Amino acid sequence: MRFTRTVAFALMALALLSFEGPRCHAQAALLMEEPYGFFGTVNPTGHTAIYFERICAETPVTLRRCHSGEIGAVVSRYEGINGYDWVAIPLVPYLYSIDDPEAVPAHVDHAMVNRMRARYHEQHLLNLGDDVPAGNLLHGGWTELVGVTYERRIYAFRFDTTEEQDDAFIAQMNDARNRSHFQLLFRNCSDFARVVLNEYFPGTFKRSIFPDAGMTTPKQITYKLVRYGQKHPDTDVKVYEIPQIPGYRHLSRANKSISESLITSGYAIPIAVFNPYLAGGLFVDYLVRGRYHLVPKHPEIVGPNDLAALTASGGREENPESANYQATRAAVNGFAETPASSAHSGLKELMSAHE
């Protein structure tokens with residue numbers, strides 16, 4: 001009897017040791033951020049960043065696995081941040097300039113935004129260097145790292161990742177030399193996202209001659225993620241809207257591709273004068289491929305108090321008839337009409353000098 005029990009116990013222990021549980025999934029999200037202001041008029045493509053649920057910022061230029069209760073960080077490529085190529089900022093400060101989502105104001109003005117940004121910079125960003133400028137109309141600076149929703153609306157396209165993928169990303173980013181390679185046409189923020197996403201989905205994200213003339217844009221890289229998600233439902237790609245906080249700026253504008261930017265703006269006139277064939281080709285390209293729609297008519301809205309929706313597997317169900325949904329949607333629409341309303345709301349490529 002004792003021998004039988006011993007054998008049974010040994011077999012049970014062996015089974016437990018050899019059992020491989022399900023792979024632990026987390027979420028990431030490609031953030032397609034709308035253009036705004038003067039530069040957004042000149043270059044209406046917008047900005048791209050990537051949010052990781054499981055990856056946090058030990059410092060703005062050092063990554064680690066998140067601890068319990070942390071909800072991850074946003075990583076993107078910037079210009080003018082003391083020679084750094086990429087910077088990581090915790091999700092809530094990246095969106096709202098503060099650490100406590102309960103304290104996010106429903107309406108802001110210029111002075112309030114400056115105070116919140118300056119306070120966060122003093123508390124958390126001084127290790128980027130004393131000579132990092134705040135930024136201005138033409139050049140970026142540390143102000144573009146925090147309080148993004150005071151400038152523009154963001155669409156988050158979430159997708160599944162695994163522990164192994166996130167750990168590999170952390171190790172490679174921390175080990176590589178973080179020196180700036182920014183170049184507006186071919187080494188921009190969307191190129192950074194393209195290279196990172198290719199580590200998660202190899203060979204999926206490439207530059208396109210049409211509709212972006214070989215350049216990578218936020219709309220193009222997002223389109224390819226959506227297409228990949230349609231072909232691979234297990235990726236669980238979902239779309240969320242993170243509204244712009246009203247009061248500081250006019251409502252941001254929709255992201256455009258290169259051909260869409262040229263055809264729908266004043267640039268089309270000199271192009272047509274000097275090269276009508278090029279203008280005609282751009283127009284055809286815009287009609288055929290440049291007008292793809294990425295955002296559903298009523299995407300799920302995520303505010304500062306429910307950012308967990310970005311990391312919940314399968315997302316949360318939003319009832320379009322519910323009072324909360326209608327109130328939030330009315331606030332967003334009201335801001336579009338009256339901006340001053342008080343409504344609520346291989347990685348080596350990244351570090352190499354040549355591609």
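Author: A disulfide is a pair of cysteine sulfur atoms within 2.5 Å, and in this predicted model the count by that rule comes to 1.

Reader: Which residues does the disulfide join, and at what S to S distance?

Author: The link ties together a residue of strand S3 and a residue of the loop between strand S4 (62–65) and strand S5 (73–77), parts that are 10 residues apart in sequence. Both cysteines are buried, and the link is right-handed, with 100° about the S-S bond. The residues joined are Cys 56 and Cys 66, with S to S at 2.0 Å.

Reader: What does the secondary structure of the chain come to, and what share of the residues counts as buried?

Author: The secondary structure comes to 12 helices and 9 strands. The accessible surface of the chain is about 17800 Å², and 59% of that belongs to carbon and sulfur atoms. Of the 355 residues, the share that counts as buried is 48%.

Reader: Where do the buried residues of helix H5 fall when the helix is seen down its axis?

Author: Helix H5 runs over residues 163–175 and reaches 18 Å from its first C-alpha to its last, close to the 18 Å expected at 1.5 Å a residue. Its buried residues include Asp 166, Phe 169, Ile 170 and Met 173. Seen down the axis of H5, the buried residues fall within an arc of 100°, so they line one face of the helix.

Reader: With which residue of helix H5 does Arg 54 form a salt bridge, and is Arg 54 buried or exposed?

Author: The structure holds 16 salt bridges, and in the one formed by Arg 54 and Asp 166 the closest N and O atoms are 3.0 Å apart. Arg 54 lies in the loop between strand S2 (47–52) and strand S3 (55–59), whereas Asp 166 lies in helix H5, so the pair ties together parts that are 112 residues apart in sequence. Asp 166 has a relative accessibility of 1% and therefore counts as buried. The partner in helix H5 is thus Asp 166, and Arg 54, at 9% relative accessibility, counts as buried.

Reader: Which residues are linked with Arg 54 in a network of salt bridges?

Author: The salt bridge of Arg 54 with Asp 166 belongs to a network of salt bridges. The residues linked with Arg 54 in this network are Arg 65, Glu 163, Asp 166 and Asp 167.

Reader: How many residues apart in sequence are the parts that the pair of Arg 153 and Glu 241 ties together?

Author: The side chains of Arg 153 and Glu 241 meet in a salt bridge, at 3.8 Å from N to O. Arg 153 lies in the loop between helix H4 (110–125) and strand S7 (154–162), and Glu 241 lies in strand S8 (residues 238–242), so the pair ties together parts of the chain that are apart in sequence. Arg 153 is buried with a relative accessible area of 17%, and Glu 241 is buried with 1%. The separation in sequence is 88 residues.

Reader: Why does Lys 238 count as partly exposed, when the cut-off for buried is under 20%?

Author: Lys 238 and Asp 236 meet through their side chains in a salt bridge, at 2.3 Å from N to O. Asp 236 has a relative accessibility of 16%, so Asp 236 counts as buried. Because partly exposed lies between the cut-offs of 20% and 50%, Lys 238 counts as partly exposed, its relative accessibility being 26%.

Definitions and conventions
Residues are numbered from 1 along each chain as its sequence is written. This is a predicted model: local features need pLDDT of at least 70, side-chain atom pairs count only at pLDDT 80 or more; totals for chains, interfaces and linings use all residues. Side-chain values use heavy atoms; hydrogens and water are left out. Helices (H or I, at least four residues) and strands (E, at least two) are DSSP runs, numbered from the N terminus. The expected span of a helix is 1.5 Å times one less than its number of residues. Buried means under 20% relative accessible area, exposed over 50%, partly exposed in between (1.4 Å probe, protein chains only). The arc is that of the directions from the helix axis to the C-beta atoms. Accessible areas come from the Shrake-Rupley method with a 1.4 Å probe; for residues, only the protein chains shown count as cover. A salt bridge is a side-chain nitrogen of Lys or Arg within 4 Å of a carboxyl oxygen of Asp or Glu.
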